[in-house]
Amino acid sequence: MLKIGVLVSGGGTNLQAIIDSVENGSIKNTEISVVISNNKNAYALERAEKKGIKNICISPKDFSDRAEFNRVFLEKLDSCQVDLVVLAGFLVVLPEEMTKKYENRIINIHPSLIPSFCGKGYYGLKVHEAALSRGVKVTGATVHFVDAGTDTGPILLQKAVEVKDGDTPEILQRRVMEEAEWKILPQAIDLIAQEKVSVENGRVRIAQ
Ligand code: GRF
């Protein structure tokens with residue numbers, strides 16, 4: 001049984017997609033052990049609570065400095081003893097100590113086709129604003145392993161989504177979530193749970 005910890009900051013629709021996929025069996029052999037938020041008001045925490053999933057908030061606001069927050073956060077995560085950490089709209093830069101300790105055991109969902117529209121400053125609606133202002137015809141989402149960089153880790157899954165005339169960043173964000181994020185994030189977890197994923201020389205291999 002793969003034990004996962006899901007890290008969230010906001011609405012938690014990706015978390016919901018994971019919960020639903022575990023329930024309906026499209027993610028197999030997996031248990032959501034804990035949901036951790038950095039934001040007390042994240043609706044994602046309520047989604048977890050409703051399903052009886054352990055949920056905690058560790059807010060940087062409750063610590064005198066970032067180093068202390070990072071230390072307590074990592075300590076708490078370690079104590080949950082998860083096999084895989086899933087960043088599902090988690091808007092916190094991970095300290096290097098954590099990315100090292102959890103090498104190839106943290107995945108993230110990013111709302112573009114990496115390497116487009118990724119890296120520092122590209123998060124949430126800003127990604128879609130940038131895609132629209134560049135006039136791309138196709139965008140999408142990427143699930144990747146997390147390394148010390150921003151959106152630089154080995155790519156696990158990608159799915160393309162069409163950009164349509166008249167799209168606003170909000171409309172495009174919604175389409176990318178519905179058509180890509182909510183599908184490939186659960187799919188990536190299931191592949192890992194089935195032990196089909198390996199990382200070799202910075203590239204992901206998926207066994208058939
Ligand atoms: C998603 O667009 C994700 O790609 C981005 O933040 C958003 C999270 O949405 N990193 P939700 O909290 O899962 O609804």
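# Reading a predicted fold, one feature at a time

Q: Let's start somewhere concrete. Where does Glu170 lie?
A: Glu170 lies in helix 6. Keep in mind that we're reading a predicted model.

Q: How do I read its accessibility, and is Glu170 buried, partly exposed or exposed?
A: The general idea is a pair of cut-offs: under 20% relative accessible area is buried, over 50% is exposed, and the rest is partly exposed. Glu170 has 47%, so it counts as partly exposed.

Q: What about distance in space, say from Glu170 to Pro95?
A: Set the C-alpha separation beside the separation along the chain. Glu170 and Pro95 are 75 residues apart along the chain, and their C-alpha atoms are separated by 30 Å.

Q: How do I read a helix pair, and what is the angle between helix 5 and helix 6?
A: Look at the angle between the axes, then at the gap. Helix 5 (residues 125–134) and helix 6 (residues 169–193) pack at about 110°, and their axes are 9 Å apart. Angles from 65 to 115 degrees count as roughly perpendicular, which is why helix 5 is roughly perpendicular to helix 6.

Q: Which residues make that contact?
A: Helix 5 brings Leu125, His128, Glu129 and Leu132. From helix 6 come Pro169, Glu170, Leu172, Gln173 and Val176, so our Glu170 is one of the contact residues.

Q: How do the residues of the contact of helix 5 with helix 6 divide?
A: There are 5 nonpolar, 2 polar and 2 charged residues in it.

Q: Zooming out, how many helices and strands are there in the protein?
A: The protein has 6 helices and 9 strands.

Q: How do I read the radius of gyration of the protein?
A: Compare it with what a compact globule of that chain length would give. For 208 residues that reference is near 17 Å, and the protein has 16 Å, so the two agree. As for the box, the C-alpha atoms fill roughly 45 × 45 × 40 Å along the principal axes.

Q: What share of the residues is buried, and what does the surface look like in terms of atoms?
A: Buried residues account for 48% of the 208. The protein exposes about 10,600 Å², with carbon and sulfur atoms supplying 47% of that area.

Q: What share of the contacts joins residues at least 24 apart?
A: Take the contacts between residues at least 6 apart in sequence: 63% of them join residues at least 24 apart.

Q: Now some backbone details. Which peptide bond is cis, with omega near 20°?
A: Omega is the torsion to check here. The bond from Ile114 to Pro115 is cis, with omega near 20°. Pro115 lies in the loop between strand 5 (106–110) and helix 5.

Q: Phi is the next torsion on my list. What is phi of Asn29, and what is it for Asp151?
A: Check the sign, then the residue type. Asn29 has phi near 60°, a positive value in a residue other than glycine. Asp151 isn't a glycine either, and its phi is positive too, about 65°.

Q: Where do Asn29 and Asp151 lie, and is Asp151 buried or exposed?
A: Asn29 is in the loop between helix 1 and strand 2 (30–37), and at 45% relative accessibility it counts as partly exposed. Asp151 is in the loop between strand 6 (138–145) and strand 7 (155–162). With 11% relative accessibility, Asp151 counts as buried.

Q: How do I read a residue's contacts, and what does Gly11 contact?
A: Set aside the neighbours within four places in sequence and see what remains. For Gly11 that leaves Tyr43, Ala44 and Arg47. Gly11 is in the loop between strand 1 (2–8) and helix 1 (13–24), and it is partly exposed at 40%.

Q: Let me try a strand residue. What does Val199 touch?
A: Val199, in strand 8 (residues 197–200), touches Asn104, Phe145, Pro154 and Val204, not counting residues up to four places away. It is partly exposed, at 27%. Ile155 is 44 residues away from Val199 in sequence and 9.6 Å away, C-alpha to C-alpha.

Q: And a helix residue: what does Lys76 touch?
A: Lys76 sits in helix 3 (residues 66–80) and touches Ile56 and Ile58, again leaving out residues up to four places away. The C-alpha atoms of Lys76 and Ile56 are separated by 9.5 Å, with their positions 20 residues apart along the chain. Lys76 is partly exposed, with a relative accessible area of 35%.

Technical notes: Residues numbered from 1 in each chain as written. Predicted model: local features only at pLDDT ≥ 70, side-chain atom pairs only at ≥ 80, totals over all residues. Heavy atoms only, no water. Axes fitted to C-alpha atoms, helices over the stretch in contact; angles between N-to-C directions. Helix = DSSP H or I, 4+ residues; strand = E, 2+ residues; numbered from the N terminus. Parallel < 35°, antiparallel > 145°, perpendicular 65-115°, else oblique. Contact = heavy atoms within 4.5 Å. Nonpolar A, V, L, I, M, F, W, Y, C, P; charged D, E, K, R; others polar. Rg over C-alpha atoms; globule rule 2.2 N^0.38 Å. Buried < 20%, exposed > 50% of the residue type's maximum accessible area, 1.4 Å probe, protein only. Areas by Shrake-Rupley, 256 points an atom, 1.4 Å probe, with all protein chains shown as cover.
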